[in-house]
Amino acid sequence: MSSSAVETILSYEYPSETKEQLEYAELEALDISKLSTKGGKQALAEQVLKFIDKNGFFYVTGHGFSDEEVRRQYALCKAFFELPLEEKLRYSCDTAKGDFRGYKPQSTGKLAGRDNDERYNIPKFTPEHERPHPQLIRKHWDEIKDFSLRIHNDVLLPLLRLFAYVLEIDEEYLTERHRYDAEGLEYLRYMKYHPRSREADAQAANIWAKGHTDYNTLTFLFHQPVAGLQVQTPEGKWQYVKSPRDAIIVNIADALEFLSGGYLKSTVHRVIRPPEDQTSEPRLSLIYFARPEANIVLKPVSSPLLQRLGLGAEADQFSHDVTAEEWARARIAKDHRFRTGLVNQPEKEIIAGVNQKYYD
């Protein structure tokens, strides 16, 4: 792909919003720019305490990313997936061993109903994760690196300090377990769901991504106007997640639930067939997955708040100590076995007696 072609693509514009009337979840928005104002941390903490033990999906605003910066990343995302398949496959990830770094192709044939997306995961920019990348990615390396580091430093770390404050523990407790230069994996994901015919979607019950929780700490999803993401309410009802243009959708994932003794909820979500006025559009996603350092044991923190609520000890379900790296690799490897047809049903136990729940 020529340099001029890439620069043209970098003027990417979003698909049109759906005109259908959908039932959206009512999510709180945390304006993290308030953290630098007098009384801002206390106000945000009070806001968090009102919803966070019931719903682990929320919005972050005041994050500092411009619309142009986000669209440039989407342009690179689009350009990557337009590369020839044989080129993308040179950078395949080893999901059989629980390694998500690199490219994962879309499943085809009899397995197409299990996996409707392509992914390219760009890991942390540290010596541990040095690996080959396509020329397209290398050409924009500094820009992608800056974008990733800003998510970690300017969005993830402030949220972790806020959650620590809510838990009434040392405000650096969680950040000290998410040091960027330490061993462990975080990654920026370019993702593409492929449109399917009405008949093909019907065979898969209109499910593009089966209901699941994420295995990491926090997941950050940038503006994505093609509807389809749904969150499961505590009552078991599915509701759409609206994607405001100026907000990042954030969801709490397994590792943070383990570390918080079950107080911060890893929330079930899925992706379904878009509304009819969006079914012809590929659904691109720009996502950042934050994870604890590799050797962090996933056990509840000692917290005055958790003690008052009677949480913590009961939430430690592992039969033996399990690290963040072990949990993540086990989750990814089990997903690989189902996605590639090695097993016909998702496997229930992930590791050390802890199960992964699946939802249709």
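**A helix, an enclosed strand and a loop**

Helix H3, spanning residues 67–81, contains 15 residues and reaches 21 Å from its first C-alpha to its last, close to the 21 Å expected at 1.5 Å a residue. Like everything described here, this helix belongs to a predicted model. Many positions can be picked out by name as buried in H3, including Val70, Arg71, Tyr74, Cys77 and Phe81. Gln73, Leu76 and Phe80 are also buried in this helix. As a helpful reminder, an α-helix has 3.6 residues a turn, so residues three or four places apart point the same way.

Attention now turns to strand S5. Seven of the seven residues of S5 (residues 187–193) are buried, so the strand is largely enclosed by the rest of the structure. Its two faces are both covered: Tyr187, Arg189, Met191 and Tyr193 are buried on one side, and Leu188, Tyr190 and Lys192 are buried on the other. S5 also has strand partners. Strand S4 (residues 117–123) runs antiparallel to S5 and is joined to it by seven bridges, with Tyr120 having Tyr190 as its bridge partner in S5. Seven bridges likewise join S5 to strand S12 (residues 283–290), again in an antiparallel arrangement. Here, Arg189 stands opposite Ile287 of S12.

The loop between helix H7 (198–203) and strand S6 (207–212) holds Ala205, and Asn206 is placed in this loop too. Phi is near 60 degrees for Ala205, a positive value in a residue other than glycine. For Asn206, phi is near 65 degrees, again positive in a residue other than glycine. Ala205 counts as exposed because its relative accessibility is 57%, while Asn206, at 33%, counts as partly exposed.

Methods
Residues are numbered from 1 along each chain as its sequence is written. This is a predicted model: local features need pLDDT of at least 70, side-chain atom pairs count only at pLDDT 80 or more; totals for chains, interfaces and linings use all residues. Side-chain values use heavy atoms; hydrogens and water are left out. Buried means under 20% relative accessible area, exposed over 50%, partly exposed in between (1.4 Å probe, protein chains only). Helices (H or I, at least four residues) and strands (E, at least two) are DSSP runs, numbered from the N terminus. Two strands pair if DSSP finds at least two bridges between them. The expected span of a helix is 1.5 Å times one less than its number of residues.
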